Amino acid sequence: MSIETQSHSPNEVSAEQQAREVELVDRVVASFDGASDPRLKQIMQSAVRHLHAFLRDVRPTEAEWMLGIEFLTAVGHLTDERRQEFILLSDTLGASMQTIAINNESYGDATEATVFGPFFVEDSPEVERGGDISFGAMGQPCWVEGTVTDGDGKPVPKAKVEVWQADDAGFYDVQYDDDRVAARAHLFTDEQGRYSFWGVTPTPYPIPDDGPVGRMLDAVGRSSMRAAHLHFMVAAPGCRTLVTHIFVRGDELLDRDSVFGVKASLVKEFLPQPAGTTTPDGRDLAGRTWSQVRFDVVLAPAES
């Protein structure tokens, strides 16, 4: 991806030219006046104003504008039921995190939200508390446990905890072509709001960089690497659904995550355990090393 055109100097635009451009903006905005849905009208008119403001700011050549259209077309062509290149684009531009910030205002000690990512899949398998979500995924075993409470500190029983992650090779199950289901599952908290499961220790990985978003990052000199993380989505009646990750303390990518998803409150200590150390549930790991982490979730009320 490259733009081989001359750079634009901030030459002064004549008053006549400015008036012509403003008149066009006004006409396009007015074209949505008849929209019957007030919210749709607001969104479309604001989108037009901001789009035209961008165009009038950078003043692209027609070749540059066509390159932008071709880029978005390529993003659409690569998007299907298994790969969401538009979410990837939204993530790498910080738009996903901004939308999350707008829609998840802080509430007391409620756990912070972060990006959803492009690899969530509905209807993941259910495991019992203490079960193994890896289903054979490559990686060091990791014991994850914690509680789910509400804003008043009361346990939330039967909260649905969805978890998913990449394997040690840096791939999610949907990135393989054999229809495997691995390193993803859901479980429910017990009456005391407790949950636990075996996964794999998170490791850093690159976002899919073989498409237009990857070429964009390469063109601007940005890394495609994501800090090591484990995805959670926690839902319960009367509570705001939480979509978040936890990150590995000490990961050198924490301050340059490619989708801006890291928050200090979500960085956790993944404690390494030597081979032969007794596991919390007595599981025999056949002499393998493992890690463990605690993540206590606090859910905000739904009305917040």
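Contact, or touching, means heavy atoms within 4.5 Å. This is a predicted model, so local features need pLDDT of at least 70 and side-chain atom pairs count only at pLDDT 80 or more, while totals for chains, interfaces and linings use all residues. Residues are numbered from 1 along each chain as its sequence is written, and side-chain values use heavy atoms, with hydrogens and water left out.

**View 1. Arg288 and what it touches.** Look for Arg288 in the loop between strand 11 (271–273) and strand 12; helices (H or I, at least four residues) and strands (E, at least two) are DSSP runs, numbered from the N terminus. Leaving aside residues up to four places away in sequence, Arg288 touches Gly139, Gln140, Pro141, Ala275 and Gly276. With a relative accessible area of 43%, Arg288 is partly exposed (buried is under 20%, exposed over 50%, partly exposed in between; 1.4 Å probe, protein chains only). Don't expect Glu303 in the same close-up: Arg288 and Glu303 are 15 residues apart in sequence, but their C-alpha atoms are 46 Å apart in space.

**View 2. Helix 3 meets helix 4.** Helix 3 (residues 62–78) packs on helix 4 (residues 85–92) at an angle of about 130 degrees, and the axes are 7 Å apart. That angle makes helix 3 oblique to helix 4. From helix 3 come Phe71, Leu72, Val75, Gly76 and Leu78, and they meet Glu85, Phe86 and Leu89 of helix 4. Sort the residues of this contact and you get six nonpolar, one polar and one charged. Axes are lines fitted to C-alpha atoms, for helices over the stretch in contact, with angles from 0 to 180 degrees between N-to-C directions. Angles under 35 degrees count as roughly parallel, over 145 as roughly antiparallel, 65 to 115 as roughly perpendicular and the rest as oblique. Ala, Val, Leu, Ile, Met, Phe, Trp, Tyr, Cys and Pro count as nonpolar, Asp, Glu, Lys and Arg as charged, and the others, Gly among them, as polar.

**View 3. Helix 3 packs with helix 6 (residues 212–219).** Here the angle is about 140 degrees and the axes sit 9 Å apart. Again the label is oblique, this time for helix 3 relative to helix 6. Helix 3 brings Phe71, Ala74, Val75 and Leu78 to the contact, and helix 6 brings Pro212, Val213, Arg215 and Met216. The tally for this contact is seven nonpolar, no polar and one charged.

**View 4. The axes of helix 4 and helix 6 cross at roughly 25 degrees.** They come within 9 Å of each other. At that angle, helix 4 is roughly parallel to helix 6. Glu85, Leu88, Leu89 and Thr92 come from helix 4, and Pro212, Val213, Met216 and Leu217 from helix 6. This contact splits into six nonpolar, one polar and one charged.

**View 5. Tyr172 and Tyr205, an edge-to-face pair.** Rings of Phe, Tyr and Trp (its six-membered ring) pair if their centres lie within 6.5 Å; planes under 30 degrees apart are stacked, over 60 edge-to-face and the rest tilted. That rule gives a count of twelve aromatic pairs. In this one, the ring centres are 5.6 Å apart and the planes are at 80 degrees, so the pair is edge-to-face. Tyr172 lies in the loop between strand 3 (160–164) and strand 4 (184–188) and Tyr205 in strand 6 (residues 205–206), so the pair ties together parts 33 residues apart in sequence. Both rings belong to buried residues: Tyr172 is at 0% relative accessibility, and Tyr205 has a relative accessible area of 4%.

**View 6. Trp198 and Trp290 also pair edge-to-face, at 5.8 Å centre to centre and 65 degrees between the planes.** Trp198 is in strand 5 (residues 194–200) and Trp290 in strand 12 (residues 290–294), so this pair links distant parts of the chain, 92 residues apart. Trp198 is buried at a relative accessible area of 1%, and Trp290 is buried at 1% too. Arg283 joins the scene: its charged end sits over the ring of Trp198, 5.1 Å from the ring centre. For that label, NZ of Lys or CZ of Arg must be within 6 Å of the ring centre and within 35 degrees of the ring normal.

**View 7. Asp123 and Ala183 have a positive phi.** Most residues other than glycine have a negative phi. Asp123 is at about 60 degrees, in the loop between helix 5 (95–103) and strand 1 (131–132). Ala183 is at about 55 degrees, in the loop between strand 3 and strand 4. Asp123 is exposed at 74% relative accessibility, whereas Ala183 is buried at 4%.
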